[in-house]
Amino acid sequence: MAKLDVVIFPDERLRQHCKEVTVFDDELKQLAEDMFETMYADDGVGLAAPQVGISKRLVVMEVPFDEEKPEELFKEALVNPVIIKKENPMVSKEGCLSVPDYVAEVERFADVTVKYQTLDGEEKECTAHGLHAVCIQHELDHLDGKLFIDMLSRLKRQMLQKKYTKLKRREHLA
Ligand code: NI
């Protein structure tokens, strides 16, 4: 296993519309494993392939089914996931490994049903609630080049863009 580099906003690779997965081979499994390791290392609950610079419709997550029972975890790699039902708008407080040290409130749905394939290509469906549902919506947005900060006001986004561009420049100089 290997920890991968996380792509940081405003990197253009976060804006790609990712490609459907058609080959379910060892390379895909290895990528998912590496994404899990990267997610754990950065204390995230979810990670999407474009966040490690890969244009594939693959996300990994490890999140409680129910926040009241934190020990029962939905640990899964979702391939070609599609939300087929969403209900009950809610406000969620989110962060993202690609937008470090920033949280914001965005509008989501409290209940979603997602269909996806496993790493072996098996079809599955799952209905999720609360944080689990939010995580699915956040990660799936990444596959279409969308970030949670896109839902903020234009002014807030411009401030963030400046802040992270500056940080990146400093990193390059260091
Ligand atoms: Ni994210």
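This is a short working chat about a predicted model with a nickel site.

Q: Start with the metal. Which residues coordinate the nickel ion?
A: C96 through SG, and H138 and H142 through NE2. The distances run from 2.1 to 2.3 Å.

Q: What spacing do the donors follow along the chain?
A: The pattern is C-x41-H-x3-H.

Q: And where do H138 and H142 lie?
A: Both lie in helix α2, residues 130–143. They are 4 residues apart, about one turn of the helix.

Q: Why does that spacing matter for direction?
A: An α-helix has 3.6 residues a turn, so residues three or four places apart point the same way.

Q: Is H138 buried or exposed?
A: H138 is buried, because its relative accessible area is 7% and the cut-off for buried is under 20%.

Q: Same question for H142: buried or exposed?
A: Buried as well, since H142 has 1% relative accessibility.

Q: Staying on α2, what about L131: buried, exposed or partly exposed?
A: L131, found in helix α2, is partly exposed, with a relative accessible area of 32%.

Q: What is L131 in contact with?
A: V63, P64 and E67, leaving aside neighbours within four places in sequence.

Q: How far is L131 from Y102?
A: The two are 29 residues apart in sequence and 18 Å apart in space, C-alpha to C-alpha.

Q: Switching to the sheet. What is the strand order?
A: β1-β2-β3-β4-β5, an open sheet of 5 strands with antiparallel pairing.

Q: Which strands are at the edges?
A: β1 and β5 (123–129), each pairing on one side only. On average, neighbouring strands are turned by 45 degrees against each other, direction ignored.

Q: How many bridges join β4 and β5?
A: 7 bridges, in the antiparallel sense, with β4 covering residues 99–117. T113 stands opposite T127 in β5, and Y116 has K124 as its bridge partner in β5.

Q: What about the hairpin of β4 and β5?
A: There are 5 residues between the strands. G121 takes a positive phi there, near 90 degrees.

Q: Back to Y116. What does Y116 touch?
A: Not counting residues up to four places away in sequence, the list includes F74, L78, P81, E122, K124 and C126.

Q: Which residues touch the most other members of the largest nonpolar core?
A: V59, M61, F74, L78, V114, Y116 and I136, in a core of 17 residues. β2, β3, β4, β5 and α2 each supply at least two residues of this core. α2 gives the most, with 5 residues.

Q: What is in the second core?
A: That separate core has 16 residues, including L28, M35, V60 and V79.

Q: Now α1. Which residues of α1 are buried?
A: L28, L31, A32, D34, M35, F36, T38 and M39. They pack against β1 (46–48), β2 (58–64) and β3 (73–96).

Q: How does α1 run relative to β2?
A: At about 45 degrees, with α1 lying across β1, β2 and β3.

Q: What span should α1 have, and why?
A: Helix α1 has 16 residues, 26–41, so at 1.5 Å a residue the expected span is 22 Å. Its end C-alpha atoms are 22 Å apart, which agrees.

Q: What follows α1?
A: D43, whose phi is positive, near 60 degrees.

Key:
Residues are numbered from 1 along each chain as its sequence is written. This is a predicted model: local features need pLDDT of at least 70, side-chain atom pairs count only at pLDDT 80 or more; totals for chains, interfaces and linings use all residues. Side-chain values use heavy atoms; hydrogens and water are left out. The expected span of a helix is 1.5 Å times one less than its number of residues. Buried means under 20% relative accessible area, exposed over 50%, partly exposed in between (1.4 Å probe, protein chains only). Contact means heavy atoms within 4.5 Å. Donors are N, O and S atoms within 2.8 Å of the metal (3.2 Å for Na, K and Ca); water is not among the atoms, so sites may look incomplete. Two strands pair if DSSP finds at least two bridges between them. Axes are lines fitted to C-alpha atoms, for helices over the stretch in contact, and angles run from 0 to 180 degrees between N-to-C directions. A nonpolar core is a set of buried Ala, Val, Leu, Ile, Met, Phe, Trp, Tyr and Cys residues joined through side-chain atoms within 4.5 Å.
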